[in-house]
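Reader: I'm new to reading protein structures. Could we go through this one together, a question at a time?

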Amino acid sequence: MTTQELIAQIKEKKSFLCIGLDVDLNKIPTHLLKEEDPIFAFNKAIIDATHHLCVAYKPNTAFYEAYGIKGWKSLEKTIQYLNTNYPEIYTIADAKRGDIGNTSTMYAKAFLEDLAFDSVTVAPYMGKDSVEPFLAFKTKHTIMLALTSNEGAFDFQTKEVNGRELYKEVLETSKGWKNSENLMYVVGATKAEYFAEIRKIVPNSFLLVPGVGAQGGNLQDVCKYGLSENIGLLINSSRGIIYASKDENFAQNAALKAEELQQEMATILAK
C-alpha cells in the first residue's frame, strides 16, 4: 500500500486509528478457548466488527511467537484473512527486528514477502546497515523506533549526544538512508510534548503512535503537535479496544470503544 492510498483511506473513513492485535489467551473470552484456533477466532471477530472504524491493524508478533508454531500459524491466518477480505486495510508487523546485512534481509522477507504485511517495525540501534535491507522493499514501509513510551526510553533516547538528544540524531541520520522516503517512525503518545520537536525534523513522515488509551496517552495533545499536512499519524490502541469485554459480545464492545476514538478523530479532522 502506498502512502497516498493510506491517506485516501484515512480521509474516507475519517479515522487514523490502528488497532493492535496483541492476543493473550489468558485475557480473551473463555468460550473461544474451545475453538480449534482461539487466537485466530478472536482476531477474526475483532476485525469483522471494527474494520470500518480503523485504517490499520498491528499484530505484535511476540504475542504469537510465545505460542510456538501454533501462534505463528495464527498470525499467518490473520494476515491472510486481512489481505483477502479487507485489502484496503494497512497492516503492520510489530516485530521490532534489526540486525546487520543478510540477517535483516531475511527478517524483511519473512514479514514483507512471505507474510505480505505492508510494513514492519525495526530497531535502529545497529544503524544504517540494519535498516536499509528493509527499505530495499520499495513498495513497503519500514517503521523505525524513534521515541518510545516506556519508562526505560529515558535511559538512552533522550540523552544528549554532541549537544543534541539521541532520538533527534536518529531521526536526522535516517533521512539520509537509501529509500528513506519509505520510513515511518514510532513515537509514544505519552510523550506528546516532544511531537513539535519531531515535526521540525520529519515534518511529513507518518508517525505510528502507541500509548493512547490504556497507557494514558492523550489523543488531543498528540494531534495538536503531531498532525501534518497529510495527516501523518497512525494512533494505535490495543488493550483499550480488544479487551473491552470478555463476554460473548466482546467484538461488539470492542467496536464501541473503537468508534469512540474514531469519532474523536473525525472531529479533529473536521477542524
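## Salt bridges and a helix

Author: Happy to! This is a predicted model, and we can start with one residue: Glu172 is partly exposed, with a relative accessible area of 33%.

Reader: Which side chain does Glu172 meet in a salt bridge?

Author: Side chains of opposite charge can pair when their charged atoms come close. For Glu172, the N to O distance in its salt bridge is 3.5 Å. The partner counts as partly exposed, at 26% relative accessibility. That partner is Arg164.

Reader: Glu197 forms a salt bridge too, so which residue is its partner, and is that partner buried or exposed?

Author: The closest N and O atoms of this pair are 3.1 Å apart. The pair links distant parts of the chain, with Glu197 in helix α9 and its partner in helix α8, 29 residues apart. The partner has 12% relative accessibility, and buried means under 20%. The answer is Lys168, which counts as buried.

Reader: Which residues are joined into one network by salt bridges that share partners?

Author: Glu172 and Arg164 meet in a salt bridge, and both belong to this network. The full set is Arg164, Glu169, Glu172 and Lys175.

Reader: How many salt bridges does a search of the whole structure find?

Author: Here is one more of them: the side chains of Lys77 and Asp37 meet at 3.0 Å, N to O. Lys77 lies in helix α4 and Asp37 in the loop between β1 and α2, so the pair ties together parts that are 40 residues apart in sequence. Lys77 counts as partly exposed at 33% relative accessibility, whereas Asp37 is buried at 14%. Over the whole structure, the search finds eleven.

Reader: What arc around the axis do the buried residues of α4 cover?

Author: An α-helix has 3.6 residues a turn, so residues three or four places apart point the same way. In α4, the buried residues are Gly71, Ser74, Leu75, Thr78, Ile79, Tyr81 and Leu82. They lie on the same side of α4, while Ile69, Lys70 and Thr84 are exposed on the other side. The arc is only 155 degrees.

Reader: What do those buried residues of α4 pack against?

Author: Helix α4 itself covers residues 68-85. Its buried residues pack against both helices and strands. The elements are α2, β2, α3 and β3.

Reader: Which residues does Asp24 touch, leaving out those up to four places away in sequence?

Author: Asp24 lies in the loop between β1 and α2. At 18% relative accessibility, Asp24 counts as buried. The residues in contact with Asp24 are Phe63, Tyr67 and Tyr243.

How values were computed
Residues numbered from 1 in each chain as written. Predicted model: local features only at pLDDT ≥ 70, side-chain atom pairs only at ≥ 80, totals over all residues. Heavy atoms only, no water. Helix = DSSP H or I, 4+ residues; strand = E, 2+ residues; numbered from the N terminus. Expected span 1.5 Å × (residues − 1). Buried < 20%, exposed > 50% of the residue type's maximum accessible area, 1.4 Å probe, protein only. Arc of directions from axis to C-beta. Contact = heavy atoms within 4.5 Å. Salt bridge = Lys/Arg side-chain N within 4 Å of Asp/Glu carboxyl O.
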